[in-house]
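Q: Please take me on a close look at one part, the interior. What is packed there, and how is it described?

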Amino acid sequence: MNFLTEIERDSLCELFNISLGGAAKLMSEMISDEILLTVPSLNLITTEEAKNIEYLANQDVCTIEQKFVGGIGDGSAFLLFHKSASLEIVKMMMKDYVALNEVSQFEKDALSEIGNIILNAILSNLAKMSDYKIETHIPEFFAGKYEELLLKRKSKTDNSILLVFIDYKLSGKDIKGYIFFVLNFDSIKNLSRVLIEKLK
């Protein structure tokens, strides 16, 4: 069974925490309100295990996916929120600028912007800290059932998933989110080893 050692897991957590810190600072400046983004935990799972995550199965979700290619390998990263959480985030970010009954029409644009900032922060920091060259594709937005998200993907059978749990705090509210970092296991393992050296 594929697994990460504690130090490998810690190095990957540090990558995500550094990236989310930078993303939160940028978003805070955009809306003139403090946003905190942190990583409370990270798990390595298989694509099969991803289908059976209890708190996501049969749930309506919104995601922004960023596919990438480069020295690290071909993979994708996507930011995921429950539908109810994504609407709450849009309402908090829009504040008084839009009526609540108009929030849904801004949802795709607002979440795409959030996803773009967060995922770009992760991938740019990954490239900077690992010296890998990475090219990204145009981000893709999805809204629907969690299972539909997985079915529409054509993941390679040897892919592993780093499931990163994130806390998104804005205006005194705490919203749970998820980052799926999809890549084959050997590439994830190699990345963690490179990060361990860089973070010494």
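**Inside the fold**

A: Cysteine 62 is buried, with 0% relative accessible area. Buried means under 20% relative accessible area, exposed means over 50%, and partly exposed lies in between (1.4 Å probe, protein chains only). This is a predicted model: local features need pLDDT of at least 70, side-chain atom pairs count only at pLDDT 80 or more, and totals for chains, interfaces and linings use all residues. Residues are numbered from 1 along each chain as its sequence is written, and side-chain values use heavy atoms, leaving out hydrogens and water.

Cysteine 13 is also buried, at 15% relative accessibility. The number of disulfides is zero, where a disulfide needs two cysteine sulfur atoms within 2.5 Å.

Now the core. A nonpolar core joins buried Ala, Val, Leu, Ile, Met, Phe, Trp, Tyr and Cys residues through side-chain atoms within 4.5 Å. The largest one here has 51 residues. Ile118, Tyr168 and Phe181 have the most contacts inside it. Helix H4, residues 103–130, gives the most to this core: eleven residues. Helices (H or I, at least four residues) and strands (E, at least two) are DSSP runs, numbered from the N terminus. A second, separate core has 17 residues, including Leu80, Leu149, Ile161 and Val182. In soluble globular proteins, nonpolar side chains tend to be buried together.

Look at Tyr168 next. Setting aside residues up to four places away in sequence, tyrosine 168 touches Met27, Ile35, Leu36, Leu37, Phe81, Ile89, Met93, Ile114, Lys173, Asp174 and Ile175. Contact here means heavy atoms within 4.5 Å.

Then the rings. The whole structure holds eight aromatic pairs. Rings of Phe, Tyr and Trp (its six-membered ring) pair if their centres lie within 6.5 Å; planes under 30 degrees apart are stacked, over 60 edge-to-face, and the rest tilted. Phenylalanine 16 and phenylalanine 181 make an edge-to-face pair, with 5.9 Å between centres and 85° between planes. Phenylalanine 16 lies in helix H1 and phenylalanine 181 in strand S7 (residues 173–184), so this pair ties together parts 165 residues apart in sequence. Both of these phenylalanines, 16 and 181, are buried. Phe68 joins Phe16 and Phe181 in one aromatic cluster.

Strand S7 also holds phenylalanine 180, which pairs with tyrosine 146 of helix H5 (residues 146–152), so parts 34 residues apart in sequence are tied together. That pair is tilted: 6.4 Å centre to centre, 50° between the planes. Tyrosine 146 is buried at 0% relative accessibility. Phenylalanine 180 is buried at 1%.

Helix H1 spans residues 6–31, 26 in number. From first C-alpha to last, H1 reaches 37 Å, close to the 38 Å expected at 1.5 Å a residue. That expected span is 1.5 Å times one less than the number of residues. Just after H1, serine 32 takes a positive phi of about 55°.

A charge comes in too. The charged end of lysine 189 sits over the ring of phenylalanine 3, 5.2 Å from its centre. That label requires NZ of Lys or CZ of Arg within 6 Å of the ring centre and within 35 degrees of the ring normal. Lysine 189 is in helix H6, residues 185–198. It is buried, at 11% relative accessibility. Beyond neighbours within four places in sequence, lysine 189 contacts Phe3, Leu4, Thr5 and Glu8.
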